[in-house]
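Open the model in your viewer and keep the selection tool handy. This tour goes from stop to stop, with a short account of what to look for at each one.

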Amino acid sequence: MSDLFRSALTLTVSELNAAADDLLQTELAGYWVSGEISNLTRAASGHYYFALKDDQAQVRCALFKFAAARLAQPLKEGDHVEVLGKIGIYGARGEFQITVNEVRQMGLGRLFERYERLKARLQEQGFFDEERKRRLPAQPRAIGIVTSLAAAALRDVVSTLKRRAPHIPVIVYPTPVQGAGSEQQIAQAIQTAQQRQEVDVLIVCRGGGSIEDLWAFNEEAVVYAVAACTLPVVSGVGHETDFTLCDFVADVRAPTPTAAAELVSPNNAEHLRRLQHIGQVLQQYAWQHYRNAAQKTDWLAQRIQHPRQKLAEQNKTLQYLAQSMQHYGRQRCERQQHRLQQLAYNLAANRPDIAQQKQRLSQVQAALSAAIKQNLQDKIQRVMQYRQLMDATSPYSVLRRGYALVRDARGHVVRQAERLRLGQKVRVEFAEGQADMQVLPQQAQDDLFD
């Protein structure tokens, strides 16, 4: 039996699409995709649908109105853009698509190439391994912050720490967080915090901005300084969707500076955060359900037909099927009649001559009976001949003519008189009966058969 029938696992189409969607979301999360906008349409609901293409391929995209409202400028046919979003499967149609969350103009490719090369080298050297990452102290005695004194992120972090843990001292190691040479000053601030050993945990942070604004945290000087720091380091650079190499090499990555402050401060509201996390998951699920439902509604709205049009199509199909059935019925009837005529002709041509076969069978039976009788007579005659021959050669027929057969005590036939000894007992067989005798001296031999 083939492996096809051995397989115990069978997926429905819905299960297959859901599994493929989960796999794509897991493996392709965080990727920007570049291309040219094509077939751009805007539904009545405010959602955008378009294809993102290059010279060799294209992929379907959906941009929902709440994400489109954040665009700096509306989408246009032929724009060359880079998009970020959920890469997955639209289960209702089983189509590969990108649910777009962010759109930006192309032109940052060289920075990203440099970013990816450095990221690959650091990963190969083991800087991102989980084994080297340290746990944050549950009750730090002091908390350090590496950022700009003018940064809004500093105010957010300080206010969060004051609200959550006002008893813990905060030490700021000021440094510029963007601009030429800022990476060296950030690295120096981290080294200063390590050398002084005044704090138990260190926050490296700044607020959100463009990729160029955050680029200092992708430079080797900052990455190596974070990796070499003996203090546990929390990276809180940019917004939740911003990822820098500093995030990967730090012991813990926080989505925002405020979240970094919450991570390092004592967690007295664990249950509240759990509820918040559950709420976020439910909100994401609700948004996902809403996006799917909205897209499905738009898709179905494009395919709604008037009942009269659908009825006309069905009547046309019914007429075609009726004509096909009539034509097929006539053809089938004609084929059956032709086949019946052919079978009747073959039957008449191949009908056997029973009378001739009966006559031949009678002749064969008569010949077989005569042969059996003749063979039996031949066998009987041959048996009689063998019987006469056996009677003629049988020793008992000789005995009936007056001879006798002498045997010694062992039953051996005695053929010479000199082999007998005086007093030896022998057995003599006659034609009728037998007798035991004893060998006597010579003078008594005359009276042996008296």
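Start by selecting arginine 253 and phenylalanine 243: the charged end of arginine 253 sits over the ring of phenylalanine 243, 4.1 Å from the ring centre. Keep in mind throughout that this is a predicted model.

**The ring under the charge, and its partner**

Leave phenylalanine 243 selected and add phenylalanine 248. How are these two rings arranged, going by the distance of their centres and the angle of their planes? The centres are 6.2 Å apart and the planes lie at 20 degrees; planes under 30 degrees apart count as stacked, so phenylalanine 243 and phenylalanine 248 form a stacked pair.

Now switch on a surface and colour by accessibility. Phenylalanine 243 has a relative accessibility of 44%, which makes this residue partly exposed. Phenylalanine 248 is partly exposed too, with a relative accessible area of 25%.

**Along helix H10**

Next, select tryptophan 287 and tyrosine 290. This aromatic pair is edge-to-face, with 5.7 Å from centre to centre and 80 degrees between the planes. The cut-off for that label is an angle over 60 degrees.

Show the backbone as a cartoon and you will find both residues in helix H10, which covers residues 270-301. Tryptophan 287 and tyrosine 290 are three residues apart there, so about one helical turn separates them. On the surface, tryptophan 287 is partly exposed at 36% relative accessible area, and tyrosine 290 is partly exposed at 33%.

Add Phe64 and Phe66 to the selection. Ring pairs link these two with Trp287 and Tyr290 into a cluster. Across the structure there are eight aromatic pairs.

Before leaving helix H10, click on glutamine 288, which lies in this helix. Is glutamine 288 buried or exposed? Its relative accessible area is 18%, and because buried means under 20%, glutamine 288 counts as buried. For a distance check, draw a line from its C-alpha to that of valine 81: the two residues are 207 positions apart in sequence and 24 Å apart in space.

**Two helices side by side**

Hide the side chains and select helix H5 (residues 152-164) together with helix H9 (residues 257-264). Their axes come within 8 Å and cross at roughly 30 degrees. Angles under 35 degrees count as roughly parallel, and H5 and H9 therefore run roughly parallel to each other. The crossing of H5 and H9 is right-handed.

Step to alanine 151, in the loop between strand S6 (143-147) and H5. Alanine 151 is buried, with 11% relative accessible area. Measure from its C-alpha to that of arginine 132 and you should get 30 Å, for a separation of 19 residues in sequence.

**Two positive phi angles**

If you have a Ramachandran panel, bring it up now. Which strand holds asparagine 39? Asparagine 39 belongs to strand S1, residues 32-42. Although it is not a glycine, asparagine 39 has a positive phi of about 55 degrees. At 54% relative accessibility, asparagine 39 counts as exposed.

Then pick glutamine 197, another residue other than glycine with a positive phi, near 55 degrees. Glutamine 197 sits in the loop between helix H6 (182-196) and strand S8 (201-206), and is partly exposed at 46% relative accessibility.

**Zooming out**

Colour by domain for the wider view. The domain assignment gives domain 1 as 13-105 and domain 2 as 114-266. Taken over C-alpha atoms, the centres of domain 1 and domain 2 are 33 Å apart.

Two more distance lines help with orientation. Select serine 14, in helix H2 (residues 13-27), which is exposed at 57% relative accessibility. From the C-alpha of serine 14 to that of valine 158 is 49 Å, with the two positions 144 residues apart in sequence numbering.

Finish at arginine 427, in strand S12 (residues 425-429). Arginine 427 is partly exposed, at 36% relative accessible area. How far is arginine 427 from valine 237 in space? The C-alpha to C-alpha distance is 134 Å, and the two are 190 residues apart in sequence.

Methods:
Residues are numbered from 1 along each chain as its sequence is written. This is a predicted model: local features need pLDDT of at least 70, side-chain atom pairs count only at pLDDT 80 or more; totals for chains, interfaces and linings use all residues. Side-chain values use heavy atoms; hydrogens and water are left out. Domain bounds come from an automatic or database domain assignment. Rings of Phe, Tyr and Trp (its six-membered ring) pair if their centres lie within 6.5 Å; planes under 30 degrees apart count as stacked, over 60 as edge-to-face and the rest as tilted. Buried means under 20% relative accessible area, exposed over 50%, partly exposed in between (1.4 Å probe, protein chains only). Helices (H or I, at least four residues) and strands (E, at least two) are DSSP runs, numbered from the N terminus. A charge sits over a ring if NZ of Lys or CZ of Arg is within 6 Å of the ring centre and within 35 degrees of the ring normal. Axes are lines fitted to C-alpha atoms, for helices over the stretch in contact, and angles run from 0 to 180 degrees between N-to-C directions. Angles under 35 degrees count as roughly parallel, over 145 as roughly antiparallel, 65 to 115 as roughly perpendicular and the rest as oblique. A crossing is left-handed if the near helix is turned anticlockwise from the far one by less than a right angle, and right-handed if clockwise.
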